[in-house]
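I sat down with this one to see how its chains are built. Here are my notes, for anyone at the bench who wants to follow along.

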Amino acid sequence: MKVSFWGVRGSIPVPGPRTVRYGGNTTCIEVRSDDGTLFILDAGTGIFPLAQKLLAALPVRANIFITHTHWDHIHGLPFFTPLYIPGNEVRIHGAYDIVNGRGIEQVLDVQLQYSYFPIREAEMRAGIEYQTLKVGVGVAVGDAVVTPLLLNHPTINFGYRIECNGKSVFFTGDHEPWRNIYEPEDEGWAEFQHLIEMQQNQLDAALAGIDVLIADSSYTAAEYPSKIGWGHGTLEGNIAWARRLGVKKLVCTHHEPTRSDDDLERVFAAALESCGYTPGAPGEPEIMLSSEGMELVL
Amino acid sequence: MTTASLITLTPELELKLGNAVERMPAFPRSVQQILDLTRRIDCLPKQLVGVIEKDPVMTVKILRVINSAYYGLPSRITSVGHAVVFLGLNTIKNLALGFAAVGILPRMNAAGFDVQRYLLHSLVVAGTARQLATQLNDGTLEPGDCYIAGLLHDFGKIVFAEFLAGEFLATLAYAKANHVPLNVAEQAVIGVDHGMVGAMLAVRWQFPEHLVTCIRDHHDPAAAPSLMMSCLRLADQIVRYHEIGDSGNPWHAGEEPVLPDALREAGVHDVESAARSVGSFEKIISDAELFAHIGSER
């Protein structure tokens, strides 16, 4: 299995001289299973350069898995050029939207409205299919199985576990670890605490044995108190999570859009140090920042 | 449960009531508070949850959508808090805003049934049942489930009052004229009691079996008394005895308290001492009064 990063930025694309090393495109991760089946996790602006590469070998058979439909994760979808070419097949997977009562088929429908985009879905010539997924129910495609798990964000967000021939990778999409909405002195604290611990334990159990954890690490622990409820994780929190899960590799992604490359490296180094991280120490995961063009082979 | 009641609740009536509840507006106080709270960016999550979980209509609508087949959950969600952990606060907030937009349940309906006093009854029964469960501290009993059972045990009455107003008006008169409990009058006039209708809806909403049974059988002396049902029945008696709110079934002169065996064994002697034993009974009442009454003039 091979994992390639095409977009690693959170919230909004930030091209320019401050982000050339890590990249300014929003989330898009390409995963190739052992038999070459193509999985695309999220359709941020990073999906556009990926599309350019894919055009070299037609027809394209793409399995897109949307973690959630916030702009930065679907921004690039109308620019996924294989959608316009007859003979290509694109299957788009995602969650049911409980607030407006629609499945993942709404994603292009909403984006391609007359006022916002000049082309209608009916004019896209590829075969497009939609599959709305259920929590915890894996989808087998080619030689891999993709399992959606419900995480915590201000909209329904699926993290995806991709398993292929005994290797597995998990991408959180956007995720803020569950936290208690009550204060310890409140009546509801203990019951809520029990619920969030149960939820976290269920997630950890579903992630048992993963090799690579790709996690939303937007903030530092010091920045987090002013970002509570925004739906993102921290570098330090994910380091602790990766250690707890015993993963081989942690990839920190969804970089905060105001951070320059230098800032990003600085906060990353500080987080590793504050967590007492020693690269290569027994039992420690390998920890890295995602960057555009980075490839991992499992 | 009698055979007659099953026959009387025709599929047509079941469909009519079920669909009607989908469009049923929430209680005035919660609609007003949801609109107020969601305008404030500094609104605390626990404030929002505190409002939603006090409204039977909001609560059933949230539990209904979350337990529907969309996410294919392996186990049922039975509390608003759990729904928040599961779907995230922002999704619950937007669901609640949608329910608030349906309108406001009028205080008085054509049946002459006061929904604010009904709400007060339900809230105090819910809070009391939860307290009893907490005090029993039996490992198998979830206090949160007892709260929901209390909040929703009489939901069938509000459905009658809204959607079978003429029949329910006659039922209330029948109960008064013949000095019989309301559920007996319902059987006589409508042919089915509020427990059965509440349970029918609870099945439709895919509530867990133990909650359905509790709602269905809370007036049936022949039903096998679960610990949850015992807490609910005792709470219901305490609240009726103390004339808090009104569920259309006041304490009758000469009515003998029926203390559930499980609670008698746990050292509860009578309704009066049970009320005293509920540590925060006065606070449960004052919180519920504050919630049920303010805004009732709208």
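These entries go from the sheet in one chain to the helices and core of the other.

**Ground rules.** I am reading a predicted model, where local features need pLDDT of at least 70, side-chain atom pairs count only at pLDDT 80 or more, and totals for chains, interfaces and linings use all residues. Residues are numbered from 1 along each chain as its sequence is written, while chains are lettered from A and ligands numbered from 1 in the order in which they are written.

**Sheet in chain A.** I found an open sheet of 7 strands, ordered β7-β8-β9-β10-β11-β12-β13, with mixed pairing. Strands here are DSSP runs of E with at least two residues, helices are runs of H or I with at least four, and both are numbered from the N terminus. Two strands pair if DSSP finds at least two bridges between them. At the edges I see β7 (139–141) and β13 (286–289) of chain A; each has a single partner strand, so one side of each is left without a neighbour in the sheet.

I then looked at β8 (residues 144–150) and β9 (residues 158–164) of chain A, which run antiparallel and are joined by 7 bridges. Val146(A) has Ile162(A) in β9(A) as its bridge partner.

**Chain B overall.** I counted 18 helices and 0 strands in chain B. Its 298 residues would give a compact globule a radius of gyration near 19 Å, and the 18 Å of chain B agrees. That radius is taken over C-alpha atoms, and the globule rule is 2.2 Å times the number of residues to the power 0.38. Of these residues, 50% count as buried, meaning that 20 or more other C-beta atoms, placed from the backbone, lie within 10 Å of a residue's own.

**Helix α13.** Is this helix of chain B covered or not? Mostly covered: 9 of the 11 residues in α13 (residues 194–204) are buried, among them His194(B), Met196(B) and Leu201(B). Just after α13(B), Gln206(B) takes a positive phi of about 60 degrees.

**Core.** I looked up the largest nonpolar core (buried Ala, Val, Leu, Ile, Met, Phe, Trp, Tyr and Cys residues joined through C-beta atoms within 7 Å). Of its 167 residues, those touching the most other members are Ile47(A), Val169(A), Ile62(B), Ala83(B), Ala129(B) and Ala149(B). Helix α8 (residues 115–136) of chain B gives the largest share, 11 residues.

Definitions and conventions:
Buried ≥ 20, exposed ≤ 12 C-beta atoms within 10 Å, placed from the backbone.
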